Amino acid sequence: MKTYTLQIGDITRELPIIPISDTLSIASFVILGDTEIVSKSAPLLAEKLPEVDVLVTAEAKGIPFVYELSKQLGMSRYVVARKNVKPYMDMPLVNKVTSITTQKEQLLCLDGADAEFIKGKRVALVDDVISTGESLRVLEELVKEAGAIVAAKAAILAEGDAKNREDIFYLEYLPLFQTIK
């Protein structure tokens, strides 16, 4: 199996290159369960962020990272946009997204209580990887609908053309790969 060597600070990972279509492959970066990547990446990204009041991420891979990042920033709470409406949600805000990794339409839902919490606050939208930016765009629409001010957009990695964006903070670049048959 082909791999891509990723270096973040003093951490090295060999990421498997996985085809996601007939023409495109990605280096599979999964932070779920990787305590070392999460704990060592968070302070590095915290140094780059402007001052914000709250962190917001989308379920699920961003959750452990935003948890650790919120600790680094001395925050007692962060917000997670869920992938579906939960029975406990009161007046949720809902939007649809199709990302490069899921390749199918998904929902992003913000509980009404979370929407009220972020209203008028400066938020940082945080994810593990920003690639096409579609998930980030939909998350941004949700928090703006809630009345929050997007002060930063950040991720551990910028994948593909995302590295050319001037509106995001990230630690390292992750290339895309052509699928060769």
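**Ser41**

I started with Ser41 in this predicted model. Is Ser41 buried or exposed? Its relative accessible area comes out at 0%, so I put it down as buried. I then checked where Ser41 sits, and the place is helix 1. Leaving aside residues up to four places away in sequence, I found Ser41 touching Ile8, Phe65, Ile156 and Leu171. I looked at one of these, Phe65, a bit further: Ser41 and Phe65 are 24 residues apart in sequence, yet their C-alpha atoms are 8.1 Å apart in space.

**Helix 1**

Next I went through the helix that holds Ser41. Helix 1 covers residues 35-48, and at 1.5 Å a residue I expected its 14 residues to span 20 Å. The end C-alpha atoms are 21 Å apart, which agrees. I still looked for a bend and got about 25° at Ala42. A proline, Pro43, follows within four residues of that spot.

Which residues of helix 1 are buried? I listed Ile37, Val38, Ser41, Ala42, Leu45 and Ala46. So Ala42 turns up twice in my notes, as the site of the bend and as a buried residue. For what covers these buried residues, I noted strand 1 (3-8), strand 2 (11-19), helix 2 (62-72), strand 9 (149-159) and strand 10 (169-174), among others.

**The sheet**

I followed strand 1 and strand 2 into their sheet. I read it as an open sheet of four strands, in the order 1-2-3-11, with antiparallel pairing. Strand 1 and strand 11 (176-178) are the edge strands, each pairing on one side only. From one strand to the next, I get a twist that averages 30°.

How many bridges join strand 1 to strand 2? I have six, with the two strands running antiparallel. In that pairing, Leu6 stands opposite Arg13 of strand 2. The hairpin of these strands has two residues between them, and there I noted Gly9 with a positive phi near 60°.

On to strand 3 (residues 24-27): three bridges join it to strand 2, again antiparallel. Here I picked out Ile18, whose bridge partner in strand 3 is Ile26. I also checked how helix 1 lies on the sheet: it packs there, touching strand 1 and strand 2, and its direction makes about 110° with that of strand 2.

**Helix 2**

Phe65 sent me to helix 2, where I list it as buried along with Gly62, Val66, Glu68, Leu69 and Ser70. I did note that a Glu is on that list. The cover over the buried residues of helix 2 includes helix 1, strand 4 (54-58), strand 8 (122-130) and strand 9. Strand 9 is also part of the cover I wrote down for helix 1. After helix 2 comes Gly74, with a positive phi near 70°.

**Aromatic pairs**

Last, I searched the whole structure for aromatic pairs and got two. I wrote up Tyr67 with Tyr78: the ring centres are 6.5 Å apart and the planes stand at 75°, so I call the pair edge-to-face. What does the pair tie together? Tyr67 lies in helix 2 and Tyr78 in the loop between helix 2 and strand 5 (79-81), so it ties parts that are eleven residues apart in sequence. I checked accessibility for both rings' residues too. Tyr67 has 40% relative accessibility and counts as partly exposed; Tyr78, at 25%, also counts as partly exposed.

How values were computed
Residues are numbered from 1 along each chain as its sequence is written. This is a predicted model: local features need pLDDT of at least 70, side-chain atom pairs count only at pLDDT 80 or more; totals for chains, interfaces and linings use all residues. Side-chain values use heavy atoms; hydrogens and water are left out. The expected span of a helix is 1.5 Å times one less than its number of residues. The bend at a residue is the angle between axes fitted to the seven residues ending there and the seven starting there. Buried means under 20% relative accessible area, exposed over 50%, partly exposed in between (1.4 Å probe, protein chains only). Contact means heavy atoms within 4.5 Å. Two strands pair if DSSP finds at least two bridges between them. Axes are lines fitted to C-alpha atoms, for helices over the stretch in contact, and angles run from 0 to 180 degrees between N-to-C directions. Rings of Phe, Tyr and Trp (its six-membered ring) pair if their centres lie within 6.5 Å; planes under 30 degrees apart count as stacked, over 60 as edge-to-face and the rest as tilted.
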